[in-house]
Amino acid sequence: MMGRNFIGLRRKATNALARVVPARRILVACALVFAASVPAAAQQQDQPYDLLPVPSVTVYPGDVIDRDMLKEMNFLPNTRSRYPVVDDIDALVGKVARRTLVPERLIPSNAVEEPEIIARGSLTRAVYQSGGLSMTAGVLALEAGSLGDVIRVRNVDSGQVIAGVVQGDGSVKVGQ
């Protein structure tokens, strides 16, 4: 009886050893890969880090970004050239978040936009200028728009839909 138990224990020990050997091989392979990357890591330390803006607090969609919501952090060299991220704090101030910005994470370029000057459905005025002639008309915005955007508006009197460029004062420039 004792012989059978001893053989069973020996098989279990052999199976456990068979599982340990591949783990040792994996560790050795990882050590070799790490040793090969050490010169590359040492070479990267000689290069200066990229100083990039990140949120210091959670910024939710629709929030206007203020300077006190941001800070700068060091990132690996060439981060700004590898990824499409905003690389200047001044470029972020006054923009609106299009999606949630997480603290201490890079800010993708497409995650922020200019604030809307004209809201969809709001009444504004369309301005036409040609030489010394200037005409204005009341219009209804069919689309929201930021500075410089081309949006469609409907003339309140005639019902005609026209396109125009959003101006800084909240009007829409039409023609030309």
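Trainee: What makes strand E1 (residues 50-55) count as mostly covered?

Mentor: Five of the six residues in E1 are buried. Buried means under 20% relative accessible area, exposed means over 50%, and partly exposed lies in between (1.4 Å probe, protein chains only). This is a predicted model, in which local features need pLDDT of at least 70 and side-chain atom pairs count only at pLDDT 80 or more, while totals for chains, interfaces and linings use all residues. Residues are numbered from 1 along each chain as its sequence is written, and side-chain values use heavy atoms, with hydrogens and water left out.

Trainee: Why are E1 and strand E2 (residues 70-75) said to pair?

Mentor: Two strands pair if DSSP finds at least two bridges between them. E1 and E2 have six bridges, in the antiparallel sense, so the requirement of at least two is met. Within this pair, Leu51 stands opposite Asn74 of E2. In general, strands of a sheet pair through backbone hydrogen bonds, either parallel or antiparallel.

Trainee: How many helices and strands does the protein chain have?

Mentor: The chain has three helices and nine strands. They are DSSP runs, numbered from the N terminus: helices are H or I with at least four residues, and strands are E with at least two. Read from the N terminus, the order is α-β-β-α-α-β-β-β-β-β-β-β. Of the 176 residues in the chain, 23% count as buried.

Trainee: Which residues make up the largest nonpolar core, and why is it called a core?

Mentor: The largest core has twelve residues: Val59, Ile65, Met69, Leu70, Val86, Ile89, Leu92, Ala97, Leu101, Ile107, Ala111 and Val112. It is called a nonpolar core because that term denotes a set of buried Ala, Val, Leu, Ile, Met, Phe, Trp, Tyr and Cys residues joined through side-chain atoms within 4.5 Å. Apart from this core lies another, of nine residues, including Ala126, Val153, Val166 and Val172. In soluble globular proteins, nonpolar side chains tend to be buried together.

Trainee: Which residues does Ile65 touch?

Mentor: Ile65 touches Val59, Leu70, Leu92, Val93, Gly94, Lys95, Leu101 and Val112, leaving aside residues up to four places away in sequence. A contact here means heavy atoms within 4.5 Å.

Trainee: How do the side chains of strand E7 (residues 150-155) show that they alternate?

Mentor: Ile151, Val153 and Asn155 point to one face of E7 and are buried, whereas Val150, Arg152 and Arg154 point to the other and are not buried.

Trainee: How many bridges join E7 to strand E8 (residues 161-166)?

Mentor: Five bridges join E7 and E8, which run antiparallel. Ile151 has Gly164 of E8 as its bridge partner, and Arg152 stands opposite Ala163 of E8. The hairpin of E7 and E8 has five residues between its strands, and Gly159 there takes a positive phi near 80°. Strand E6 (residues 133-141) also runs antiparallel to E7, joined by three bridges, and Leu140 stands opposite Arg154 of E7.

Trainee: Which strands form the closed barrel?

Mentor: The barrel of five strands runs E5-E6-E7-E8-E9, with mixed pairing.

Trainee: Why is the contact between Arg67 and Asp90 called a salt bridge?

Mentor: A salt bridge is a side-chain nitrogen of Lys or Arg within 4 Å of a carboxyl oxygen of Asp or Glu. The closest N and O atoms of Arg67 and Asp90 are 2.4 Å apart, so the pair falls within the cut-off. The two residues lie 23 positions apart, Arg67 in the loop between E1 and E2 and Asp90 in helix H3 (residues 89-92). Relative accessibility is 44% for Arg67 and 49% for Asp90, so both count as partly exposed.

Trainee: How do you know that Arg152 and Glu143 meet in a salt bridge?

Mentor: Their N to O distance is 3.3 Å, which satisfies the limit of 4 Å and therefore qualifies. Arg152, at 41% relative accessibility, is partly exposed, as is Glu143 at 27%.

Trainee: How many salt bridges does this rule give?

Mentor: The count comes to eight. Among the residues concerned, Asp50, Arg80 and Asp87 are linked in a network of salt bridges.
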